[in-house]
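Me: I would like to go through this model step by step, with the reasoning behind each answer spelled out. Where shall we begin?

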Amino acid sequence: MKKLTLLIAIALLIVSCKNEKTTSEEQKHNHNVSTEKVEQSKKKPLSPHTETMAMIGDAHIHIDYSSPGVRGRIIFGGLLAYDQVWQAGAHMATWIETNKGLRIKGKTLPAGKYGFFTIPSKDEWTVIFNSNWEQHGKDEYDEKDDVIRFKVKPTFSEEIKEHLEYKVSKVNNAEGKINLSWEKVSIDFNFKVEQ
């Protein structure tokens, strides 16, 4: 009887030690997994998703885009060929939403959500608001879906803007300005809020 009790005690001890070892290995494994996740989340994306918005009078203007970096490259006339449609950001097409109609360069952009595209050129850019706002890059871009398009002159700087940046600024209660800057190039255009 004593031998049986001793055997059961030894068996329980062995099983208990084995469970402790397994639990400790599982914790160690889980710890490594969460560390990897933390390290991955600390790594910044090359083209972070961002947005900008502003109220101009009663108009709420919202721009949503991914912001690629220059990373030592020639962007306009290099990475982005001149005279070709560009989704004005990285990954998904940039989109702009307005809850009020806007008057831009004598044309009306009705309230709504639009894909924002450009055709960069050395001396002049074409700015495009397209009804297909939800698309990857310019994969599904079709000129027939353009709502309005107009020309703007780019301005150039000696300083490099590392990441693409949009700004919506207030001129007064009825007028605002949209600006796009990246690398050494900027474009901007004014708009009036329709009442």
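Reply: In this predicted model, a good place to begin is Y114, which has a relative accessible area of 7% and is therefore buried.

Me: Is F129 buried or exposed?

Reply: The cut-off that matters here is that buried means under 20% relative accessible area. F129 has a relative accessibility of 1%, so this residue counts as buried.

Me: Which kind of aromatic pair do Y114 and F129 form, and which strands hold the two residues?

Reply: Y114 lies in strand β6 and F129 in strand β7, so their pair ties together parts of the chain that are 15 residues apart in sequence. The ring centres are 6.4 Å apart and the planes stand at 85° to each other. Because planes over 60 degrees apart count as edge-to-face, the pair of Y114 and F129 is classed as edge-to-face.

Me: How many residues apart in the chain are F116 and Y166?

Reply: F116 and Y166 also form an edge-to-face pair, with 5.9 Å from centre to centre and 80° between the planes, and both residues are buried. F116 belongs to strand β6 and Y166 to strand β9 (residues 155-172), so that the pair links distant parts of the chain, and the separation between the two is 50 residues.

Me: Which residues do ring pairs link into a cluster?

Reply: The model holds 15 aromatic pairs in its count, including the two pairs discussed above, Y114 with F129 and F116 with Y166. Ring pairs join these four residues with others into a cluster, whose members are Y65, Y114, F116, F129, F150, Y166 and F189.

Me: How many bridges join β6 to β7, and what is the strand order of the open sheet?

Reply: Strands β6 and β7 run antiparallel, and within them G115 stands opposite N130 in β7. The number of bridges joining β6 to β7 is 5. The open sheet has 6 strands with antiparallel pairing, in the order β1-β2-β3-β6-β7-β8.

Me: Which are the edge strands of this sheet?

Reply: An edge strand here is one that pairs on one side only, and this applies to β1 (49-56) and β8 (146-152). Neighbouring strands of the sheet are turned against each other, direction ignored, by an average of 20°. The edge strands are thus named as β1 and β8.

Me: Which residues does D123 touch, not counting residues up to four places away in sequence?

Reply: D123 lies in the loop between β6 (112-119) and β7 (125-130), and its relative accessibility of 57% means that it counts as exposed. With sequence neighbours up to four places away left out, D123 touches K153 and P154.

Notes: Residues are numbered from 1 along each chain as its sequence is written. This is a predicted model: local features need pLDDT of at least 70, side-chain atom pairs count only at pLDDT 80 or more; totals for chains, interfaces and linings use all residues. Side-chain values use heavy atoms; hydrogens and water are left out. Helices (H or I, at least four residues) and strands (E, at least two) are DSSP runs, numbered from the N terminus. Buried means under 20% relative accessible area, exposed over 50%, partly exposed in between (1.4 Å probe, protein chains only). Contact means heavy atoms within 4.5 Å. Rings of Phe, Tyr and Trp (its six-membered ring) pair if their centres lie within 6.5 Å; planes under 30 degrees apart count as stacked, over 60 as edge-to-face and the rest as tilted. Two strands pair if DSSP finds at least two bridges between them. Axes are lines fitted to C-alpha atoms, for helices over the stretch in contact, and angles run from 0 to 180 degrees between N-to-C directions.
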